[in-house]
Amino acid sequence: ERTIAAARRRKDAATIQNAQRFLAVIASPDVDARRTAIAHAFRLMRVRDPLLLTAYYEPELRAQPNPDEQYRFPIYSRPPDLLDVDPAGLDASCQCRLQAGRIENERVVPYPARREIDAGALAGRGLELAWTDDPFTLFSLHVQGSGQLVLPDGSRIAARYAGTNGRPYKSLGRALIDRGYLDGGVTWDRIREVMGPLPEAERDDLFATNERFTFFRLTQGKATGSFGTELVPERSVAVDPKLVPLGTIGYLVTPTTQRFVVAQDTGAAIREAHADLFLGGGPDAEGRASRVKETGTLYLLMPR
């Protein structure tokens, strides 16, 4: 139903029709009838390569409007000089992805990397939305793309994705393996455990191996995906839209998960046969998401 509302805003008639057809099918209380109806109503297509399934969530982090000795890690809004550049808009034959940068001497140049921004490249420009005391969860917020800020009075406000610096993404887990801190079995819980006791300079150096830096906007409401829909825990997935169009209904089969899902989001690390299942927000979702990494199959319900 949320996909239909978003597709109407996009004037995407095919997605609307597919979603309405699916809703009509699952309204039947008879399992066998539903199975038969799905086979008649849709072309079932299997993603050719084995699917990598991971999961993501909304981090919760303590924050306040002004910095002090404890709350000294800024959450930045999108800088006004950050440009999103679509190479295909200049050359339709270009297969390049959306890029980001800034204008310097009448040329588009790369935006500062995480190391430069953490060192103060954006300081003094009034871009700080809030400040937190937890650099690791802040880094997690950058990776996940959205989260909830818990203010000193207990109220909450959502930090929503507003763009990135366009730099390459590198997994923190991979950096820890490369430097010998981990030898496998990487989960977010394990990464947090390893990063906790490290000296600040060493921790920041590891963070900087991921050059990508995310900017945010503050708003009310729940997590919203790239398709413009409020995400549904256990049902919304982030996909590579070059492989799976946003709004597509799928059936996910892995050793622990067999369920219908809807492609409603994207992510910097989601490429090719990879789906990222949204699990909701908070510490419980974080713990569960850190343990999801398995292979399986994704079937797509395409219109006939």
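Leaving out residues within four places in sequence, Phe73 is in contact (heavy atoms within 4.5 Å) with Ala130, Trp131, Thr132, Asp133, Asp134, Pro135, Leu138 and Arg203. The model is a predicted one, in which local features need pLDDT of at least 70 and side-chain atom pairs count only at pLDDT 80 or more, while totals for chains, interfaces and linings use all residues. Residues are numbered from 1 along each chain as its sequence is written, and side-chain values use heavy atoms, with hydrogens and water left out.

Phe73 belongs to strand 4 (residues 73–76); here and below, helices (H or I, at least four residues) and strands (E, at least two) are DSSP runs numbered from the N terminus. With a relative accessibility of 13%, Phe73 counts as buried. The term buried stands for under 20% relative accessible area, exposed for over 50%, and partly exposed for values in between, using a 1.4 Å probe and protein chains only. One of the contacts of Phe73 is Thr132: 59 residues separate the two along the chain, yet their C-alpha atoms are 5.2 Å apart.

Asp133, another contact of Phe73, also takes part in a salt bridge with Arg62, in which the closest N and O atoms are 3.1 Å apart. Arg62 lies in strand 3 (residues 60–64) and Asp133 in the loop between strand 8 (128–132) and helix 6 (135–144), so this pair ties together parts that are 71 residues apart in sequence. A salt bridge is taken here as a side-chain nitrogen of Lys or Arg within 4 Å of a carboxyl oxygen of Asp or Glu. The two partners differ in burial class: Arg62 is partly exposed, at 44% relative accessible area, whereas Asp133 is buried, at 15%.

By this rule the model holds 21 salt bridges. Arg115 and Asp205 form one of them, with an N to O distance of 3.0 Å. This pair, too, links distant parts of the chain, since Arg115 sits in helix 5 (residues 114–121) and Asp205 in helix 9 (residues 200–208), 90 residues apart. Arg115 is partly exposed, with a relative accessible area of 46%, and Asp205 also counts as partly exposed, at 25%. A pair within a single helix is given by Arg174 and Asp178, whose side chains meet at 3.5 Å, N to O. Being 4 residues apart in helix 7, Arg174 and Asp178 are separated by about one helical turn. Both count as partly exposed, Arg174 at 43% relative accessibility and Asp178 at 47%. Salt bridges also join Arg72, Glu200, Arg203 and Asp204 into a network; Arg203 is itself among the contacts of Phe73.

Helix 7 (172–178) also helps to place Asn165, which is found in the loop between strand 10 (156–164) and that helix. Asn165 is buried, with a relative accessible area of 1%. Residues up to four places away in sequence aside, Asn165 touches Leu82, Ala100, Tyr111, Pro112, Ala113, Arg114, Ile117, Glu211, Arg212, Phe213 and Phe215. With Glu211 there is a polar contact: a polar atom of the Asn165 side chain lies 3.0 Å from the Glu211 backbone oxygen. Such a contact is a pair of N or O atoms within 3.5 Å; within protein, one must be able to donate a hydrogen and the other to accept it, and residues adjacent in sequence count only if both atoms are side-chain atoms.

Turning to the N-terminal part, helix 1 (residues 2–10) has Thr3, Ile4, Ala6 and Ala7 buried. These residues cover an arc of only 165° around the axis, which puts them on the same side of helix 1; the arc is that of the directions from the helix axis to the C-beta atoms. The buried residues of helix 1 pack against helix 2 (13–26) and strand 14 (258–265). On the face turned away from this buried side, Arg8 and Arg9 are exposed. Lys11 follows helix 1 and has a positive phi, near 55°.

Finally, an open sheet of 3 strands has the order 5-6-7 with antiparallel pairing, where two strands pair if DSSP finds at least two bridges between them. Strand 5 (83–85) and strand 7 (107–109) are the edge strands, each pairing on one side only. Strand 5 is joined to strand 6 (residues 99–104) by 3 bridges, and Leu83 stands opposite Gly101 in strand 6.
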